[in-house]
Amino acid sequence: MVKVALVTGAARGIGLETAKQFLASGWSVALIDWDADELAAATADLGAQAAGFVCDVSDPEAVTAMVAEVLARFGRLDALVNNAGVAEFGPIEDCDYAMWKRVMATNLDGVFLCTQAAVPALKETRGAVVNIGSISGLRASTLRVAYGTSKAAVIHMTKQQAAELGEYGIRANCVCPGPVRTKLAMAVHSPEIIAAYHDAIPLNRYGSEAEIAGVITFLCSDAASYVTGQVIAADGGFDSTGVGLPALRD
Ligand SMILES: NC(=O)c1ccc[n+]([C@@H]2O[C@H](COP(=O)([O-])OP(=O)(O)OC[C@H]3O[C@@H](n4cnc5c(N)ncnc54)[C@H](O)[C@@H]3O)[C@@H](O)[C@H]2O)c1
């Protein structure tokens, strides 16, 4: 029996690396993205155990259809990774309602919709959900009124899911990445932000896609069979410490 993972936002970055780690562990993977060209390029050389599905995770009807297509293709679902996300940073006064709605639609509505659509299949396998939050959902910071709030909501939604879906054997956990040099991060991290992160992170560096994907795939695996409702920061120690005061460092 081959296990099946569904990973959203899988055309690049953390999602694509997560899909590759599942494949390396012998899983089949449905890669979901709204960028059809990038998804086609990403899946071209992944082999027969992988398949791409174009879908906007914030569109309820598209999500329902996408989950049905994935089940028609692979026959089962053991893990759902809600990774698709968008980042738009700006001061509160400049965050217009359209920007707020764009961020919430993908980052928050998408997690709700994909999970709801996947629950019947996950009940059959006693499967796992991993939602991707962010350190921006754990610690408030400037310019993130929409992004940070969307990720804080994802953290809480994970606990709601764990509370309600546990009786079906479905586990729900949240991974909160620190900074990773993906396209998403590089679009909003100025040189000043990059330098400031180095000052504030005990491990003193950005993380890699593989380091985030390793935590995600662990939480979907049998090794984490008694872990649910947890929020795990893969962030080089950023969330747990205050050592980052530049004046206190070498
Ligand atoms: N990179 C970081 O520093 C960082 C830090 C904390 C959290 N995160 C989170 O990790 C996740 C992955 O981010 P990444 O850095 O790999 O970003 P990325 O931009 O490289 O990849 C995100 C993917 O999601 C897709 N996507 C966006 N909106 C979508 C939608 N509505 N429907 C379907 N696909 C959609 C994009 O096309 C893209 O392929 C996001 O949820 C992000 O918020 C990233």
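In this predicted model, the span of residues 3-183 is 50% helix and 18% strand. The C-alpha atoms at its two ends lie 29 Å apart. In UniProt, an unreviewed entry assigns these residues, 3-183, the feature "domain: Ketoreductase".

I turn now to the ligand. Its shell contains 30 residues, and those that come nearest are Gly9, Gly13, Gly85, Thr182 and Leu184. Sorted by class, the shell has 13 nonpolar residues, 11 polar residues and six charged residues. Which helices each supply at least two residues of this shell? They are helix H1, residues 13-24, helix H4, residues 97-125, and helix H7, residues 183-188.

Helix H1 deserves a second look, for its packing against helix H9, which covers residues 209-220. The axes of H1 and H9 come within 8 Å of each other, and they cross at roughly 55°. How should we describe that arrangement? An angle from 35 to 65 degrees is neither roughly parallel nor roughly perpendicular, and H1 and H9 are therefore oblique to each other. The crossing of the two helices, H1 and H9, is right-handed.

Which residues make this contact? On the H1 side, they are Gly13, Ile14, Glu17, Thr18, Gln21 and Phe22. On the H9 side, they are Glu209, Ala210, Ile212, Ala213, Gly214, Ile216 and Thr217. Taken by class, the residues joining H1 with H9 comprise six nonpolar, five polar and two charged.

I close with one residue that links the two topics. Gly13 is among the residues that come nearest to the ligand, and Gly13 also takes part in the contact of H1 with H9.

Notes: Residues are numbered from 1 along each chain as its sequence is written. This is a predicted model: local features need pLDDT of at least 70, side-chain atom pairs count only at pLDDT 80 or more; totals for chains, interfaces and linings use all residues. A residue is near a molecule or strand if its C-beta atom, placed from the backbone, lies within 6 Å of it. Helices (H or I, at least four residues) and strands (E, at least two) are DSSP runs, numbered from the N terminus. Ala, Val, Leu, Ile, Met, Phe, Trp, Tyr, Cys and Pro count as nonpolar, Asp, Glu, Lys and Arg as charged, and the others, Gly among them, as polar. UniProt positions are given in the numbering used here, feature names are shortened, and annotations may be inferred rather than shown by experiment. Axes are lines fitted to C-alpha atoms, for helices over the stretch in contact, and angles run from 0 to 180 degrees between N-to-C directions. Angles under 35 degrees count as roughly parallel, over 145 as roughly antiparallel, 65 to 115 as roughly perpendicular and the rest as oblique. A crossing is left-handed if the near helix is turned anticlockwise from the far one by less than a right angle, and right-handed if clockwise. Two residues are in contact if their C-beta atoms, placed from the backbone, lie within 7 Å.
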